[in-house]
Amino acid sequence: MNALNSLLDGFGTALTPLNLLWAAIGVLLGTAIGVLPGIGPAMAVALLLPVTYGLEPTGAFIMFAGIYYGAMFGGSTTSILLNTPGESAAVVAAMEGNPMAKSGRGAQALAAAAIGHFAGGMVGTVLLVALAPTVADLAVDIGAPDYFAIMVLAFIAVTSVLGSSRIRGLASLLIGLTIGLVGLDQMTGQQRLTFGSLQLADGVDVVIVAVGLFAIGEALWVAAHLRRRAPDPIPVGRPWLGRADVKRTWKSWARGPFIGFPFGAIPAGGAEIPTFLSYVTEKRLSKHKDEWGKGAIEGVAGPESAASASAAGTLVSMLTLGLPTTAVAAVMLAAFQQYGIQPGPLLFEREPDLVWGLIASLFVGMVLLLALNLPLAPVWAKLLRIPRPYLYAGILFFAAVGAYAVGGEVIDLVILLIIGLIGFGMRRYGLPVLPAIIGVILGPAAEQQLRRALQISDGSVTGLVNTPFSVIVYAVVILLLAWPLVRKVLPRKAART
Amino acid sequence: MTTPTTADRTPDGTPPPATGRRSWLRDHSELGVCVLLLALGVLVLTDALTMDVDITQRGPVGPKTVPLVVGTGLLVVAALLAVDVLRGGRGQAETGEDIDLSEPADWRTVLLLTGVFLGAAVLIEPLGFPVAGALLFWGAAFALGSRRFDRDPLIAAVVSLVTYAVFNNLLGVPLPGGPLMGVL
C-alpha cells in the first residue's frame with residue numbers, strides 16, 4: 001500500500017490555513033479544558049462536541065484530534081501541580097511528578113511530560129500510519145460473525161479487565177445496552193422501550209449519553225462531595241530541561257511508546273495499564289533508584305510517553321474496526337456517527353481525505369502542542385485556581401449547550417439530566433462508566449451483526465463460529481472469563497502487577 | 001428463579017430486627033442499586049414480551065431476542081450484586097481532584113442543582129438561550145456555594161452571551177435567541 005503517498009495527501013489537507021486553524025484551536029481548547037481540575041479527556045471531548053457541529057467532517061475531526069491530545073496533556077499538568085488526579089491515566093504522572101513539583105522541579109516535570117507526550121505521540125502515530133492500512137485491508141474480508149465476536153470481546157474485556165469488581169462492570173454494561181435498545185429496531189422498525197413516545201423512537205442520542213454520564217454525572221458527584229477548600233496548586237515557571245535531565249530521560253521517552261501503543265489498540269482500558277507498566281519498567285531500569293517516590297524524572301517521562309502512544313493505538317482500532325477501546329474513542333465514534341460516517345475497514349477507501357487528513361493533523365497537532373505548551377505552562381497553571389463553583393457551573397452550562405444543540409429539543413435536556421443522575425449513582429456505588437458508554441455505542445451494532453450472521457446461517461448458532469477468526473476471538477473471550485478461576489487454582493507465585 | 005432471591009433480600013422485603021435497622025439500611029444502601037437493576041430488567045422484559053412482532057419479519061432472530069437477553073442479564077446481575085453486597089462487598093466511590101469523601105454527601109446541593117437545571121430546561125424556549133443559560137450558570141454557582149452577588153450574575157451573563165454568539169453566529173449551531181435577542 002502506498003501509505004506514504006496517502007499521508008502526503010493528508011498533509012495537503014491538514015496544512016490548509018483553515019484546517020491548521022482548527023487544529024490550533026483544538027489543541028488550545030483541549031489543553032485548557034483538560035487542565036481544569038475534574039475534567040478528564042473523555043469529558044473534555046464530550047463537552048467540546050457541539051463546537052464541531054457546524055463544521056464539515058474533515059475540519060471537525062482535525063479539531064478533535066487536537067482536543068484529544070491536548071486534553072491528555074492537560075490532565076498530566078493537573079496531576080503534577082495538584083497531586084489529586086481524578087482520571088486513572090494521570091495517576092502515574094502524579095506519583096513522581098508531584099514530588100518533583102514540591103521540591104521546586106515542577107518546570108522540569110512539566111517539560112519531561114510535554115516532551116514525553118510529543119515523543120510518544122510521534123512514535124505512536126508513525127506506528128498508526130504503518131499499521132492501520134494493513135489492518136484495514138485484512139479487516140475488509142471479515143464478516144458479520146467476526147464483527148460480532150470482536151464486539152463480544154470488547155464487552156467482556158471492558159467489564160473484566162477494568163475496575164475491581166466484574167459484577168459492577170457487567171451491571172454498567174447492561175445499563176448501557178438497555179439505553180442502546182431504546183428506539184426503533186434497525187431491521188424491522190419495531191418500537192422498543194419507547195413507551196409510545198415519538199421523541200424516544202429516534203433512540204437516545206449517543207452524544208447525550210456521553211455528556212450525561214461524563215459531564216453531568218461527574219459535576220453532580222463532585223457537588224455532593226465538594227472539598228471545602230480547593231487544593232493549592234504549586235506555582236511553576238516556564239518548563240525546561242537541563243542536559244543532565246535529558247540524558248536521564250531520553251531512553252524513557254523512547255521506551256514508552258512501545259509499551260503504550262499495543263495497549264491502546266486492544267480493549268483493555270487505554271492508558272491506565274501501560275502507564276503503570278511503563279512506570280514499573282522505568283523504576284526497574286533506573287540508575288537513580290533512591291530518587292523514586294521523591295521525584296524521579298524518568299517516572300514522569302516514560303509513562304507520559306506511553307499514555308500518548310496509547311492514544312494513537314486507540315485510533316488504530318477505532319478507525320479500522322470501528323471499535324472504541326477507551327471512553328474518548330467512544331465519544332469520537334459517536335461524533336463520526338453524527339456525520340453519518342461509519343468507521344471500519346472501508347473507511348480508508350471511502351473517506352481517504354478525511355482519514356489521512358486526520359492522521360496528518362495528529363502530527364501537526366503534536367508539534368503545535370509542544371510549541372504552545374512549553375511557553376504557556378504558567379498560564380495553564382493559573383487555570384487550576386479557578387473557583388470551583390464557576391468550574392462546575394460551567395460544566396453544567398456547557399453540557400446543556402451540547403445536549404440542546406444536538407436537536408434543539410427540550411426533552412433532550414431532561415434525558416440528559418436523567419442520564420446524569422444515573423452517572424451520579426454509578427459513581428457513588430463504584431459502577432465504572434466506560435462499560436456503559438461502550439454498551440450504548442456498540443450494543444446496536446453488535447445486535448445488527450448478530451442478526452446478520454444468523455440470517456446467513458439460517459438461524460443455526462454455528463453461523464457465529466464458522467470462521468477461524470471468530471473462533472480465535474471467542475477463545476480469547478473464554479480465557480478472559482476463566483482467568484480469575486485459573487488464578488485461584490494456580491499456586492500464588494505469579495508476580496502481581 | 002433469581003427474582004425472588006433478590007426481592008427477599010432487599011430492604012423492602014422482610015424487615016430485619018428493629019434495633020439498628022436504619023444503620024443496617026445505610027450500610028447496605030447499595031441494595032438500592034440491585035432494586036433499580038431488577039426494576040430495569042423487569043421493564044425491559046415486559047416491553048419485549050408485549051411486543052407484537054410482525055410474522056413476516058425476516059431471519060430467525062427478531063427484535064425481541066436481544067431485549068430478552070439483556071433483560072434476563074439485568075435480573076441475574078441484580079441478584080449477583082445483592083449477594084455480593086450481603087457478603088460485605090462494596091463499590092468503591094469515585095475519587096477526584098475536588099472530591100472529599102470524608103464528609104457525608106451534600107444532598108441539598110445536588111437537589112438544588114437538579115432543580116436549577118430543570119428550571120433552565122423549561123425556560124430555554126420562552127426566554128431564549130442567553131437568559132436561560134445565564135440563569136443556569138448563576139443558579140448552579142449559587143447552589144455550589146458562590147455568594148458574590150456583584151460578580152456572579154455578571155459572569156453568568158457574559159458566559160451565556162458569548163457562548164450564544166460563538167455558537168449561533170460563528171460556528172453555525174443555531175440556538176434560540178428569545179425575546180432578548182429580538183430587542184438587541
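The following dialogue discusses the contact between two chains, the salt bridges and one buried residue of a predicted model.

Trainee: Which conventions apply to this model?
Mentor: Residues are numbered from 1 along each chain as its sequence is written, while chains are lettered from A and ligands numbered from 1 in the order in which they are written. Because the model is predicted, local features need pLDDT of at least 70 and side-chain atom pairs count only at pLDDT 80 or more, whereas totals for chains, interfaces and linings use all residues; side-chain values use heavy atoms, with hydrogens and water left out.

Trainee: How many residues does each chain give to the contact, and what area is buried between chain A and chain B?
Mentor: Contact means heavy atoms within 4.5 Å, and 73 residues of chain A and 75 residues of chain B take part. Buried area is the accessible area (1.4 Å probe) that two parts lose on being put together, summed over both. Carbon and sulfur atoms give 72% of this area, which is about 6400 Å².

Trainee: How many residue pairs are in polar contact across the interface of chain A and chain B?
Mentor: A polar contact is a pair of N or O atoms within 3.5 Å; within protein, one must be able to donate a hydrogen and the other to accept it, and residues adjacent in sequence count only if both atoms are side-chain atoms. With both residues at pLDDT 80 or more, the number of such pairs across the interface of chain A and chain B is nine.

Trainee: Which helix gives the most to the side of chain A that touches chain B?
Mentor: Helices (H or I, at least four residues) and strands (E, at least two) are DSSP runs, numbered from the N terminus. Among the elements that each supply at least two residues to this side are α4 (57-82), α7 (166-181) and α16 (388-407) of chain A. With 14 residues, the one that gives the most is α16(A).

Trainee: Which residue of chain A forms a salt bridge with Asp84(B)?
Mentor: A salt bridge is a side-chain nitrogen of Lys or Arg within 4 Å of a carboxyl oxygen of Asp or Glu. There are two salt bridges between chain A and chain B. In one of them, the closest N and O atoms are 2.9 Å apart, and the partner of Asp84(B) is Arg168(A).

Trainee: Is Arg451(A), which pairs with Asp185(A), buried or exposed?
Mentor: The closest N and O atoms of this salt bridge are 2.8 Å apart, and the pair links helix α18 of chain A to the loop between β1 (183-184) and β2 of chain A, 266 residues apart. Buried means under 20% relative accessible area, exposed over 50%, and partly exposed in between (1.4 Å probe, protein chains only). Asp185(A) has 3% and is buried; Arg451(A), at 3%, is likewise buried.

Trainee: Why does the pair of Glu298(A) and Arg248(A) tie together parts of the chain?
Mentor: The side chains of Glu298(A) and Arg248(A) meet in a salt bridge (2.7 Å, N to O). Because Glu298(A) lies in helix α12 (residues 298-321) and Arg248(A) in helix α10 (residues 243-265) of chain A, the pair ties together parts whose separation in sequence is 50 residues.

Trainee: What is the C-alpha separation of Phe73(A) and Leu110(A)?
Mentor: Phe73(A) lies in helix α4 of chain A and is buried, with a relative accessible area of 5%. Beyond its neighbours within four places in sequence, its contacts include Thr31(A), Leu110(A) and His117(A). Phe73(A) and Leu110(A) are 37 residues apart along the chain, and their C-alpha atoms are separated by 9.6 Å.
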